[in-house]
Amino acid sequence: MKKLTEEQQVVDPGLDEQVKKLTPEMIQKVVKRVLTKEASARLKVYIDTCVRCGLCAEACNTYLSRNKDPQFAPVSKVKNTLWELVKRKGNVDGEFVRNMARIVFTECGVCRRCSMYCPFGIDIAYLLLLVRRICSLLGVVPQYLQDTTNSHAATMNQMWVHQDEWIDTLQWQEEEAQAEIPSARIPLEKEGAEVMYSVIAPEPKILAQLLGNMALIFKVAGVDWTMPATDGWDNSNMAMYSGDFEIMGRVERLHWETAARLKVKKIVMGECGHAFRGAVYDGPRWLGWSFPPIPMVHAIEFYYDMLKSGRIKIREKYKEHVTIQDPCNTVRGRGLGDKLRYVINELCDNFTDVDPRLEHNYCCMAGGGTINCGPPWKRSRMKSNKVKAEQLAATGAHIVITPCHNCHSGIEDIIGFYKLGMHVKFISEIMVETMVIPEELKG
Amino acid sequence: MYEFARGPLVSIAFAVFIGGSFYRIISTILLAKKEKVILPFVSPRHGLRSIMHWIIPFGSRNWRIHPSFTILTFMFHICLLLTPVLTLGHIMLWRESWSLSWWSLPPVLSTLMTIIVILGGIIFFLRRIADPTVRFVSSWSDFVLVIIVIAPFVTGFMAHQQICDYNAIITIHMISGALWLVIIPFTRIVHMLFFPLTRAYMGGEFGYVRNARDW
């Protein structure tokens with residue numbers, strides 16, 4: 001019998017128990033539906049065009065981190081999953097589906113770096129998302145990730161936060177902010193405000209102080225803002241990554257409808273990458289819009305505008321030696337890398353950039369739902385991002401700044417696993433430490 | 001056999017190549033239209049920008065981090081496309097048959113370019129075996145395709161150098177050349193036709209939609 005790799009031995013009921021329920025007919029039906037009804041031109045052209053040159057391999061942090069093991073090249077991941085499904089017309093067994101789910105959910109963060117490195121521009125990440133879609137329809141999804149999707153379905157946010165908890169947390173953080181600036185507010189349900197501020201569920205659940213930070217930043221910048229008191233405040237959307245596009249669409253629809261109900265002029269998305277992607281790209285397309293119905297800017301852009309226009313001034317720059325993690329969905333996905341560097345240089349004295357950087361930066365190996373696959377897969381994720389640890393260590397920095405929740409948690413994990421002795425911070429944490437609070441605002 | 005290869009076979013091959021190419025491109029664009037989330041994001045400016053970065057050697061980071069592969073693939077593809085079109089012998093035949101004529105390469109240069117194609121093909125073939133990643137994803141058809149692609153160059157070179165029996169070689173050359181043309185639209189060599197389409201779409205998705213660079 002073939003020896004199983006460490007990754008193949010990971011126990012995950014979302015995969016192990018679920019594949020037992022599959023029949024060959026179910027698998028074929030789902031594969032046929034996705035490959036013929038849900039995908040067409042791109043799938044066909046990408047499969048016909050790939051010349052198996054292998055030039056995508058070095059785009060992938062998992063391949064680079066695992067001694068260039070051919071199994072971890074993006075093209076190999078497509079071969080091991082999608083090509084086989086196409087070739088065998090979905091005539092595969094449960095074990096194949098289990099392996100397929102492991103590859104697409106835990107060994108790929110759909111960061112789209114490989115899509116950018118393919119000379120033909122074959123969107124490899126899209127092909128692997130198609131496989132996730134098949135897994136989702138078959139009910140074979142890592143259990144922790146499926147739990148976040150279930151949470152979206154039941155509560156419209158990622159972490160089972162109830163409405164009373166949400167409002168209570170905002171009011172608590174409003175009070176916290178008022179300790180600094182007595183007139184700071186977190187205005188709820190303010191119709192016609194200039195800005196609706198969107199966050200993801202980890203903020204009220206485990207990182208509430210970030211909400212208090214924003215109350216201070218908005219107050220100092222003099223922004224007319226609001227947050228909804230109802231569901232529709234979270235668009236982090238793990239369903240987009242688990243392959244449950246129906247739930248993904250519901251989450252995004254409610255988010256946009258909430259913004260429309262509040263009649264805001266624009267949405268500022270907090271420091272989160274995949275929420276931005278869901279709201280601006282995947283959500284609107286699923287709902288039938290080419291572009292978002294209300295303008296949305298990411299926190300990076302918002303901070304950039306505030307600093308550039310002088311609405312926020314810096315009292316004293318941050319002294320620690322800092323470096324950066326470019327989030328895939330706002331840098332490769334929005335071209336905000338230069339603005340991010342502008343913001344960091346405005347806030348910090350001692351900044352060392354990473355190499356490679358900007359659109360070419362390596363993935364955090366936490367995004368794309370990989371970190372949401374939970375503890376069973378953590379060791380595998382860490383092994384898949386040695387290259388990130390080496391890249392960060394080479395900067396000699398002490399602090400890694402990243403405006404993305406997934407990057408934040410992913411980089412923290414890497415720092416711990418590889419004992420880098422660094423810390424991760426959001427931009428807002430440094431901004432509240434360094435910005436000028438006008439005298440008239442101090443009580 | 002020579003007469004058949006020289007006459008109808010070449011005409012059929014060109015007809016299949018041209019007709020097949022149009023068919024593949026048009027059917028793909030129609031399919032893309034049906035998929036709905038493709039054409040709204042195509043932008044000529046960003047598409048062209050992306051194509052330019054990838055058809056210029058070292059124009060993208062991936063070309064820069066693979067310098068020897070980049071030089072090899074550009075020399076191979078440029079010679080592969082230009083040599084048949086600009087070889088004096090071919091142009092003379094086209095003038096005779098179809099009254100078409102244009103500038104030709106000096107014979108020494110076209111011989112050199114032919115050698116580059118043959119060597120390039122051999123290196124690609126060996127790379128498929130030597131590179132563990134490329135070997136893992138290659139199937140037998142990838143090897144056969146390389147052979148089909150360089151066959152007309154090998155036979156053309158032999159005919160020109162009068163190696164073996166000229167009549168036999170030139171007939172094989174024409175047959176292999178016809179095969180070469182016919183397979184373009186119907187095998188992975190279709191990447192020649194699809195490159196501008198996939199690249200332009202990605203250029204739009206990155207540049208137009210996401211304001212980011214894709215090179």
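Helix 16 of chain A, residues 299-308, lies across strand 3 and strand 4 of chain A. The helix runs at about 85° to strand 4 of chain A. The model is predicted.

**The sheet under helix 16**

Strand 3 and strand 4 belong to an open sheet of four strands in chain A, ordered 2-1-3-4. The pairing is parallel. Strand 2 (225-226) and strand 4 (296-298) of chain A stand at the edges. Each has a single partner strand, so one side of each is left without a neighbour in the sheet. Strand 3 of chain A covers residues 266-269 and pairs with strand 4 of chain A over three bridges, in the parallel sense. Within this pairing, Ile267(A) stands opposite Met296(A) of strand 4.

**The second sheet**

Another open sheet of chain A has four strands in the order 6-5-7-8, with parallel pairing. Its edge strands are strand 6 (348-351) and strand 8 (423-425) of chain A, and each pairs on one side only. From one strand to the next, the twist averages 45°. Strand 7 of chain A, residues 399-401, meets strand 8 of chain A through three bridges in the parallel sense. Ile401(A) has Lys425(A) of strand 8 as its bridge partner.

Two helices pack on this sheet, and both have a computed angle to strand 8 of chain A:

| Helix (chain A) | Residues | Strands touched (chain A) | Angle to strand 8 of chain A |
|---|---|---|---|
| Helix 21 | 405-417 | strand 7, strand 8 | about 170° |
| Helix 22 | 427-434 | strand 5 (318-324), strand 6, strand 7, strand 8 | about 80° |

What do these angles say about direction? Angles over 145 degrees count as roughly antiparallel, and 65 to 115 as roughly perpendicular. Helix 21 of chain A, at about 170°, is therefore roughly antiparallel to strand 8 of chain A. Helix 22 of chain A, at about 80°, is roughly perpendicular to strand 8 of chain A.

**A helix pair**

Helix 5 of chain A packs with helix 8 of chain A (residues 124-138) at an angle of about 45°. Their axes are 10 Å apart. That angle makes helix 5 of chain A oblique to helix 8 of chain A. The crossing of helix 5 and helix 8 of chain A is left-handed. Helix 5 of chain A contributes Pro74(A), Lys77(A), Val78(A), Thr81(A), Leu82(A) and Leu85(A) to the contact. Helix 8 of chain A contributes Ile124(A), Leu127(A), Leu128(A), Val131(A) and Ile134(A).

**Two buried residues**

Glu84(A) sits in helix 5 of chain A, which spans residues 74-87. Is Glu84(A) buried or exposed? Its relative accessibility is 15%, so Glu84(A) counts as buried; the cut-off for buried is under 20%. Beyond its neighbours within four places in sequence, Glu84(A) is in contact with Lys79(A), Lys89(A) and Phe96(A).

Thr155(A) is in helix 9 of chain A, residues 143-155. With a relative accessible area of 9%, Thr155(A) is buried too. Neighbours within four places in sequence aside, Thr155(A) is in contact with Trp160(A), Val161(A) and Asp231(A). A polar atom of the Thr155(A) side chain lies 3.1 Å from the backbone oxygen of Asn157(A). Thr155(A) and Asp234(A) are 79 residues apart in sequence, and their C-alpha atoms are 9.8 Å apart in space.

Technical notes:
Residues are numbered from 1 along each chain as its sequence is written. Chains are lettered from A and ligands numbered from 1 in the order in which they are written. This is a predicted model: local features need pLDDT of at least 70, side-chain atom pairs count only at pLDDT 80 or more; totals for chains, interfaces and linings use all residues. Side-chain values use heavy atoms; hydrogens and water are left out. Two strands pair if DSSP finds at least two bridges between them. Helices (H or I, at least four residues) and strands (E, at least two) are DSSP runs, numbered from the N terminus. Axes are lines fitted to C-alpha atoms, for helices over the stretch in contact, and angles run from 0 to 180 degrees between N-to-C directions. Contact means heavy atoms within 4.5 Å. Buried means under 20% relative accessible area, exposed over 50%, partly exposed in between (1.4 Å probe, protein chains only). A polar contact is a pair of N or O atoms within 3.5 Å; within protein, one must be able to donate a hydrogen and the other to accept it, and residues adjacent in sequence count only if both atoms are side-chain atoms. Angles under 35 degrees count as roughly parallel, over 145 as roughly antiparallel, 65 to 115 as roughly perpendicular and the rest as oblique. A crossing is left-handed if the near helix is turned anticlockwise from the far one by less than a right angle, and right-handed if clockwise.
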